[in-house]
Amino acid sequence: MDELVQRLPFLCVIGTLVASFCMPVLARWKKELCAPLATLVSGSVFIVSIFIAHYVMQGNIIRYGVSGWAPPWGIEIVVDPITSLMIMLLSGICFLICIYSFAAIKHELERIVTGWYYAAYLLCMAGMIGLVISNDVFNMYVFIEVTGISAVALVASKGTREATEAALKYLLLATIGSGFILFGIGFIYMITGNLNITFIAQELDPVKGNYPFLIWTAISFLVVGFGVKSAFFPLHLWLPDAHSSAPSPSSAVLSALVVKVYIIAFMKILFIAFGLEIFHETFIRHLILVLAVIAMLAGSFFAFVQIELKRRLAYSTVAQIGYIYLGIGLGTPWGLAAGLLHILVHAFMKTCLFLCAGAIYYQTGRKKVNDFSGMGYKMPITMGAFTIAAFSMVGIPLFGGFISKYGLALGSLEADLPILILVIILSGLLNATYYFPIIGQAYFTQEDHAVHHTDGGHSEPKKFQRDQIPLSMLVPIIILALGIIYLGIFPGTVLNFINQTVAMLL
Amino acid sequence: MDLQLFLLNFPYFVAIILFSMGTLIVLTQPNLIKKVIGINILQSAIFLFYIIVGDIHGGIPPIYDPNLPDALYINPLPSCLMLTGIVVGFSVTAFALALIVKLYIYYGTISSPNFMKMK
């Protein structure tokens, strides 16, 4: 039994990869089978990941050398509590988006690209899972490229002019980013002669006084590289275009998951390979804190001026990435735990918001936030979920976002930087300024002008109608909204996972 | 400056200069094909860097020779890693060119300052 569980994370990646390569072939034969197969694969990975999480929660850590090679020579897979949580999150959200895609893909994409879309989708999922479970920096680079290229393919799959342009921009900047990461890995290899994170930590410890400049260079290259990849504020230029022009299921994956896995990988390298001493001694911590504060404020400001809903959500992601980096920069137990929790909560919120945006586009064809009057009556369930996610984004108690912001505030007290609480509150208020008008317009304004004209000026009393979108789009939205409330009221289970990891890292 | 040390570490300087050049080309050139060339220069710089990291002064290629029991071989691992890097570079180039072909169909040009501007 133990041996089987040890192999499971590796099998998840391989299984998803194999399924992804089957997709284009399957699409030639029967296009209708692609979506069910992708759902089946992501669903079974989700079930397997629950098994893994259960095993890891009993205090075991999975360490598996791929194809029987012992760690310093072979590639090692390590699944600790946060990794198992991330696998569960990745496959779970991918599963929900897959269910949503059944109808959405038929509506938003040309029929001929369906097979290729699902191939890229599963490839992206396999890349993300591989990235979080890998304990080998070069293997991480390979998975970074797999995730990056397939994410670009997800954007480009729409085939419109904007989507192609955004995809090319994303591809070029992401390649520069991974070039920087590869360079940084090269410097680490120069210092230590190892690629396994555990062994790097061992080798680096006695010699770190001898190569201060080289360590500095390695960290700077990695910060720039992972910063571009995860859209850290001044390096976020590719994100708004790519996330707003992609089809809505892909924007949900890109915004909720793809930018986060890079942060997990970066955190592993920073905290485990380099260690806390280097983290505190070099000024990397101060850099991350300053940039995170700027990201939190500037991202929200940029979001405020956007008119298109998906663009607004994309800029909001830039601000939320700032929160996660703030947690890492604080480097205190509460700060780090809140940063990790925010990865999870934000994945739920942003997926929910993007899926709602897609559903609104599906039913009414509207994209601009100022056309949403009366939307709360036409699509009560979708707008209800949207409202829950937006409240959570602002940080209202009883919703998931509150817990992580509260944790960040506690973390900044621990780190003796109370001024950051002001920044967190200010950013939360800015979030309110760009989400609440949408909700207010949806529920509290008059009906459309168009309706007025057809009725001859009589405004009928507003009535709730059931959403005119397929059930397969509605169910994931409802599950995500319930998940946000669950995280807000019972965060204990998840925090338990996270605190185990934080205790290991700090 | 110690000339001997400089000459010994000459390839590192070349790698850094090429890397900076590649990055600059990608970010500043309006022509999309030139941007792709910039990506290739950037990646070649990284390949060069890894190969020098694996180099040992006076080492011979790492092919086992039974006649030379105590020969000094260079470190083959970084060169092997770069095989993966080359494959990645190839696929990125192919993908970028495919996207550029599509953009050419839409715009009728591949060189416009309107591409890639910030919105």
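Where in chain A does A:L398 lie? A:L398 sits in the loop between α15 (380-394) and α16 of chain A. Its phi is positive, about 80°, although A:L398 is not a glycine. With 13 C-beta neighbours inside 10 Å, A:L398 counts as partly exposed. Please keep in mind while reading that this is a predicted model.

## The two chains

Let's start with the overall build. Chain A holds 20 helices and two strands. The radius of gyration of chain A is 22 Å, close to the 23 Å that the globule rule gives for 506 residues, so chain A is as compact as a globular protein of that length.

Chain B has four helices and zero strands, and from the N terminus on its elements run α-α-α-α. For chain B the radius of gyration is 20 Å, well over the 14 Å that the globule rule gives for 119 residues, so chain B is more spread out than a compact globule.

Here are some further values for each chain.

| Property | Chain A | Chain B |
|---|---|---|
| C-alpha extent along the principal axes | about 80 × 60 × 45 Å | roughly 65 × 40 × 20 Å |
| Buried residues | 60% of the 506 residues | 24% of the 119 residues |
| Share of contacts with a separation of 6 or more that join residues 24 or more positions apart | 80% | 52% |

## Where the chains meet

How many residues does each chain bring to the contact? Chain A contributes 25 residues and chain B contributes 29 residues. On the side of chain A that touches chain B, α5 (137-156), α6 (161-192) and α9 (239-245) each supply at least two residues. Of these, α6(A) gives the most, with 16 residues. By class, the side of chain A that touches chain B divides into 16 nonpolar, four polar and five charged residues.

One residue to look up in the viewer is A:A167. Not counting residues up to four places away in sequence, A:A167 touches A:V152, A:V155, A:A156, A:A242 and B:L99. That list includes a residue of chain B, namely B:L99.

## The nonpolar core

The largest nonpolar core has 226 residues. Which of them touch the most other members? They are A:L122, A:V155, A:A167, A:A295, A:C352 and A:A389. A:A167 is therefore a residue to view twice, as one of these core members and as a contact of B:L99. The element that gives the most to this core is α13(A), with 21 residues.

## A helix pair in chain A

Helix α13 (residues 333-364) of chain A also packs with helix α3 (residues 81-108) of chain A, at an angle of about 0° and with the axes 11 Å apart. Angles under 35 degrees count as roughly parallel, so α3(A) is roughly parallel to α13(A).

The residues behind this packing can be picked out on both helices. From α3(A) come A:I82, A:L89, A:I93, A:I97, A:Y100, A:A104 and A:H107. From α13(A) come A:L340, A:L344, A:A347, A:T351, A:L355, A:G358 and A:Y362. By class, the contact of α3(A) with α13(A) has 11 nonpolar, three polar and no charged residues.

## Some single residues

A:A231 shares a backbone feature with the residue that opened this report: it has a positive phi, about 60°, although A:A231 is not a glycine. A:A231 is found in the loop between α8 (212-229) and α9 of chain A. Is A:A231 buried or exposed? With 29 C-beta neighbours inside 10 Å, A:A231 counts as buried.

Past the loop of A:L398 comes helix α16 (residues 400-414) of chain A, where A:L410 is found. A:L410 has 18 C-beta neighbours inside 10 Å and so counts as partly exposed. The C-alpha atoms of A:L410 and A:V318, 92 residues apart along the chain, are separated by 22 Å.

A:I421 belongs to helix α17 (residues 419-444) of chain A. With 16 C-beta neighbours inside 10 Å, A:I421 counts as partly exposed. Between the C-alpha atoms of A:I421 and A:L410, 11 residues apart along the chain, the separation is 8.5 Å. Leaving aside neighbours within four places in sequence, A:I421 is in contact with A:A409 and A:S412.

Note on methods:
Residues numbered from 1 in each chain as written. Chains lettered and ligands numbered in written order. Predicted model: local features only at pLDDT ≥ 70, side-chain atom pairs only at ≥ 80, totals over all residues. Contact = placed C-beta atoms within 7 Å. Nonpolar A, V, L, I, M, F, W, Y, C, P; charged D, E, K, R; others polar. Rg over C-alpha atoms; globule rule 2.2 N^0.38 Å. Buried ≥ 20, exposed ≤ 12 C-beta atoms within 10 Å, placed from the backbone. Axes fitted to C-alpha atoms, helices over the stretch in contact; angles between N-to-C directions. Parallel < 35°, antiparallel > 145°, perpendicular 65-115°, else oblique. Core = buried A, V, L, I, M, F, W, Y, C linked by C-beta atoms within 7 Å.
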